[in-house]
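Subject: Structure handover and findings

Dear colleague,

Please find the structure below, with notes on what was found in it.

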Amino acid sequence: MKNLINRIAFVVLLAMISFNCNNKLNIEPAQNIDASQALLTSKDVQGALIGAYNYLGGGSSGDLYYGGIQVYGDLLAYTSDFSFFGTYQGLSQINNKVIPVNNNFVASVWLEGYAAINLTNEVLNSLNVVSPALKDQVEGEAKFIRACVYFELVKLFAKTYTDGNPARNPGVPIILTPTHSLSDAEAKPSRNSVAEVYTQIINDLNDAEAKLATPDNVTYYFATPGAAAAMLSRVYLMQNDYPNALSAADRVISSGFYKLTNTYAEEFPYTGRGVRIFNTSEDIFAIQVSEQSGVNNMNTYYASSDKGGRGDIEADSAFLATYDPNDQRARMYLHDDTGDVFQNGDYGVTYY
């Protein structure tokens with residue numbers, strides 16, 4: 001009888017061990033939550049909005065406002081002011097204006113851009129769970145981010161608005177609803193016209209300016225009415241719509257919220273790597289690059305190695321000579337031992 005009891009106890013113990021093991025191993029991965037379960041509360045949506053700001057910078061690749069789009073735009077432009085000496089084949093292709101379809105830098109900026117757009121669409125699709133007191137602000141920030149990304153993508157991947165007929169020139173796909181899988185109807189959209197993309201950008205920015213609240217101080221890092229109006233001014237300038245560009249810019253200036261810093265260097269404060277950098281009174285909207293978030297690709301490719309960069313892009317000495325001797329902007333450039341000119345890496349923000 002005793003042996004039988006021991007055997008039964010042993011079987012029960014094995015069953016318990018098996019159950020507990022299965023219980024621990026069969027869990028839902030926290031990093032792969034179904035969209036229907038991810039944004040259930042106001043705090044969830046606000047967290048997703050913070051993620052959208054990170055995507056606006058370009059995530060870990062830094063391909064948007066963390067400097068990528070500025071670098072690619074410079075390489076695409078025809079200029080004798082600088083030369084590219086880097087070893088990345090993809091950047092060489094952009095610099096040489098011979099870009100194959102498998103260029104990884106092009107693919108990355110496209111994917112990061114639409115990841116940002118998709119996340120803003122998720123936020124806008126979940127406004128019904130946002131606290132009424134925060135709803136306008138959340139909507140305004142999401143639409144500001146979406147407009148900024150579409151503006152950069154249409155400038156990079158399409159003809160400029162005034163080059164030919166914008167109503168016929170292909171722009172980029174406009175997607176206004178969340179995409180969850182490749183089987184979604186919106187997963188492989190066709191390109192909208194340049195004019196349609198600009199209309200969407202302007203609509204989003206107008207909505208954002210109307211809904212956003214002006215913060216109490218300039219150290220605020222998020223979208224503001226001034227940021228939306230300033231971006232609107234840039235959009236109108238691309239369309240040669242000077243009256244609307246003037247009106248939007250004047251709304252920023254007349255707000256009295258912003259003012260120029262005393263010196264050029266004050267606008268780009270730098271007190272050491274890893275030190276938090278606050279916005280200045282001159283910043284209308286700035287993406288901050290920290291040790292934990294993103295990479296400053298302007299610094300990566302323009303700064304010399306002693307400033308933490310690769311030194312892939314060198315400014316021409318003749319270009320530096322065009323500065324007035326008293327122009328503080330010339331301090332952005334340094335000569336190395338060989339006479340090459342690099343951008344100074346001491347400025348701690350990616351400016352735009």
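A residue counts as partly exposed when its relative accessible area lies between the 20% under which it is buried and the 50% over which it is exposed. K211, with a relative accessible area of 27%, is therefore partly exposed. Please keep in mind throughout that this is a predicted model.

Overall make-up

The protein chain has 352 residues, and 43% of them are buried. Its secondary structure comes to twelve helices and four strands. About 19400 Å² of the chain is exposed, with carbon and sulfur atoms supplying 54% of that area. Of the contacts in the chain with a separation of 6 or more, 63% are between residues 24 or more positions apart.

Salt bridges

There are eight salt bridges in the structure. Three of the pairs are described here.

E139 pairs with K211, and their closest N and O atoms are 3.7 Å apart. This salt bridge links distant parts of the chain: E139 sits in helix α7, residues 132-157, and K211 in helix α8, residues 194-211, with their positions 72 residues apart. The E139 side of the pair is buried, because its relative accessible area of 14% is under the 20% cut-off. Leaving out residues up to four places away in sequence, E139 touches L124 and L127 as well as K211.

R251 forms a salt bridge with E209, with 2.7 Å between the closest N and O atoms. Here too the pair links distant parts of the chain, with R251 in helix α10 (residues 242-254) and E209 in helix α8, 42 residues apart. R251 is partly exposed at a relative accessible area of 33%, whereas E209 counts as buried at 18% relative accessibility. Salt bridges with shared partners also join D136, E139, K143, D207 and K211 into one network.

The pair E152 and K155 is placed within one helix. Their side chains meet in a salt bridge at 3.4 Å, N to O. Both residues lie in helix α7, three residues apart, which is about one turn of the helix. An α-helix has 3.6 residues a turn, so residues three or four places apart point the same way. Side chains of opposite charge can pair when their charged atoms come close. E152 is buried, with a relative accessible area of 7%, while K155 is partly exposed, with a relative accessible area of 29%.

The nonpolar core

Which residues have the most contacts inside the largest nonpolar core? They are F144, Y150 and I201, in a core of 69 residues. Helix α7 gives the largest share of this core, eleven residues.

F144 lies in helix α7 and is buried, with a relative accessible area of 0%. Apart from its neighbours within four places in sequence, F144 is in contact with L205, A208, A223, A227, A228, M231 and F285. The C-alpha atom of F144 is separated by 9.9 Å from that of F222, a residue 78 positions apart from it along the chain.

For I201, with neighbours within four places in sequence again left aside, the contacts are A147, Y150, F151, V154 and V235. Y150 appears among these contacts of I201, and both residues are among those with the most contacts inside the core.

Helix α3

Helix α3 covers residues 42-57, 16 residues in number. From its first C-alpha to its last it reaches 24 Å, close to the 22 Å expected at 1.5 Å a residue. The buried residues of α3 are S42, V45, A48, L49, A52, Y53, L56 and G57. What do the buried residues of α3 pack against? Their partners are α6 (104-125) and α7. Just after the helix, G58 takes a positive phi of about 115 degrees.

Where to look

Helix α7 is a useful place to begin when viewing the model. It holds E139, F144 and the E152 and K155 pair. It also supplies the largest share of the largest nonpolar core, and the buried residues of α3 pack against it, as they do against α6.

Regards

Technical notes:
Residues are numbered from 1 along each chain as its sequence is written. This is a predicted model: local features need pLDDT of at least 70, side-chain atom pairs count only at pLDDT 80 or more; totals for chains, interfaces and linings use all residues. Side-chain values use heavy atoms; hydrogens and water are left out. A salt bridge is a side-chain nitrogen of Lys or Arg within 4 Å of a carboxyl oxygen of Asp or Glu. Helices (H or I, at least four residues) and strands (E, at least two) are DSSP runs, numbered from the N terminus. Buried means under 20% relative accessible area, exposed over 50%, partly exposed in between (1.4 Å probe, protein chains only). Contact means heavy atoms within 4.5 Å. Accessible areas come from the Shrake-Rupley method with a 1.4 Å probe; for residues, only the protein chains shown count as cover. A nonpolar core is a set of buried Ala, Val, Leu, Ile, Met, Phe, Trp, Tyr and Cys residues joined through side-chain atoms within 4.5 Å. The expected span of a helix is 1.5 Å times one less than its number of residues.
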